[in-house]
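Trainee: Got a minute to go through this model with me? I'd like to start with a single residue and work outward.

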Amino acid sequence: MTFVPPNALGPVARAGAGISKRPSVSFEFSPPKGPKSEASLWEAIRRLEPLNPTFVSVTYGAGGSTRDRTHRTVVRMLQETTLKPAAHLTCVEASRDEVDEVIRDYWAAGIRHIVALRGDPPGSLGGAYTPRADGYQNATELTAGIRAIAPFEVSVGLYPQIHPESPSVEHDIEVLKAKIDAGATRAITNFFFDIDGYLRFIDRIRKAGVTIPILPGIMPVSSFEGLSNMSQRIGVTIPGWLSNLFEGLDEDPETRKLVAASVATEMCARLSEEGFSDFHFYTLNRADLVYAICRVLGVRESDPQPTTEAA
Ligand code: FAD
């Protein structure tokens, strides 16, 4: 069964009246490519900072290509903001020694939270992966490696439509359990649009005995074309209702934004109704959509962040 967006009197209307528990939010950014994108990234960070996110995370480019920029960005966040930054780290195309050096550098710089991922080979997102003999073989090994170096908080990735290389949901659940045994304390999901499918996926994980917080990854759709391309490469289904909503809006960015905010807010509101209160937003280094969505969900500048996460 696919998710049918509720009508105007659906969850958004109720969210406007106030969802009972203030949601916890976290925001994902990417390191800047140059001075211009650095300025817009920091504008976005400053705009979202007063919303008191549980944490913010900074991605690590394919094949470790943004190693220095990721490091610089998280350290600047730590030094110049009130945010709690988490650094993404991948083990693709690197030896254990090289990865361990990055981990130690993060610890020395004061970073206490790593999002541990295997990564994809550069230039072939979704393509075949060959681990290096002298490297960490996957995110489970990486998680153990991080925890062996220092008591970092470790978050890991999770795929509501299963990882493209995975044979089954059962396999992904076993992998998640292995990551938890290795020291992971939180999972963050890839973005998705089929809420009913997501709920079934989470039910199976919970029934398998997994109790760590699982944060649904929410992607506000700023460019439908960009989203379609990326989704195809990483195995995320774009439902027909979403394509219909964006049809004919290629040259109309203002309406696209309104539709995007509405879709993401409806998703969060529906998830809230289903008992979820933590949301991880893929910001794409822009604040406007995420800021608006958070406002509708009841997240305000003056509110203190709830102390516990629930899934
Ligand atoms: P893994 O968990 O290592 O899984 C990869 C494969 O190894 C799977 O087939 C799995 O079955 C197998 N495997 C893992 N552990 C075991 C085990 N214990 N036993 C048996 N098999 C095992 N990519 C980037 O390059 N940079 C980023 O910053 C980044 N951020 C991301 C953030 C999130 C929230 C998510 C969900 C993904 C992110 N990615 C990022 C993408 C990610 O690197 C790719 O999806 C990659 O293909 C898989 O990474 P993983 O950590 O899930 O891999």
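Mentor: Sure. Start with R118, which counts as buried at 14% relative accessibility. Keep in mind that this is a predicted model.

Trainee: Which side chain does R118 meet in a salt bridge?

Mentor: E165. The N to O distance is 2.8 Å.

Trainee: And where do the two sit in the chain?

Mentor: In distant parts of it, 47 residues apart. R118 is in the loop between strand 4 and helix 5. E165 is in the loop between strand 5 and helix 6.

Trainee: Is E165 buried or partly exposed?

Mentor: Partly exposed, with a relative accessible area of 44%. R118 is the buried partner, since 14% falls under the 20% cut-off.

Trainee: How many salt bridges are there in the whole structure?

Mentor: The search finds 15. Some of them join up: E38, R46, E49, R76 and E80 are linked in a network.

Trainee: Take R76 in that network. What's the distance to E80?

Mentor: Their closest N and O atoms are 3.0 Å apart. Both residues belong to helix 3, residues 67-80. They are four residues apart there, so about one helical turn separates them.

Trainee: How accessible are those two, R76 and E80?

Mentor: R76 is partly exposed at 28%. E80 is also partly exposed, at 41%.

Trainee: What about R46 and E49?

Mentor: Their side chains meet in a salt bridge at 3.1 Å, N to O. R46 is partly exposed, with a relative accessible area of 36%. E49 counts as buried at 13%.

Trainee: New topic. How many residues of strand 1 are buried?

Mentor: Six of the six, residues 24-29, so strand 1 is largely enclosed by the rest of the structure.

Trainee: Which residues go on which side?

Mentor: S24, S26 and E28 are on one side, and V25, F27 and F29 are on the other. Both faces are covered. In a regular strand, side chains alternate between the two faces of the sheet.

Trainee: Which strands does strand 1 pair with?

Mentor: One is strand 8, residues 278-282, in the parallel sense over five bridges. V25 stands opposite F279 there. Another is strand 2, residues 56-58, also parallel, over three bridges. In strand 2, S57 is the bridge partner of E28.

Trainee: What does the chain pass through from strand 1 to strand 2?

Mentor: Helix 2, residues 35-48. That β-α-β crossover is right-handed.

Trainee: Last thing, cavities. How many are there of 30 Å³ or more?

Mentor: Two. The largest holds about 60 Å³ of space. The second largest has a volume of about 40 Å³.

Trainee: What lines the largest cavity?

Mentor: P220, S222, Y282, T283, L284, R286, D288, L289 and V290. Helix 11, residues 288-297, gives the most to that lining, with three residues. By class, the lining has five nonpolar, two polar and two charged residues.

Trainee: And how does the lining of the second largest cavity split by class?

Mentor: Six nonpolar, three polar and no charged residues. Among the lining residues are Y159, P160, F191 and I234. N190 and Q161 also line that cavity.

Technical notes. Residues numbered from 1 in each chain as written. Predicted model: local features only at pLDDT ≥ 70, side-chain atom pairs only at ≥ 80, totals over all residues. Heavy atoms only, no water. Buried < 20%, exposed > 50% of the residue type's maximum accessible area, 1.4 Å probe, protein only. Pairing = 2+ DSSP bridges. Right-handed = clockwise from strand over helix to strand, strands pointing away. Salt bridge = Lys/Arg side-chain N within 4 Å of Asp/Glu carboxyl O. 1 Å grid on protein atoms, 1.4 Å probe; cavity = no way out; pocket = protein on both sides within 12 Å on 5 of 7 lines; lining within 4 Å. Points joined across faces, edges and corners; volume = space filled by probe spheres on them. Nonpolar A, V, L, I, M, F, W, Y, C, P; charged D, E, K, R; others polar.
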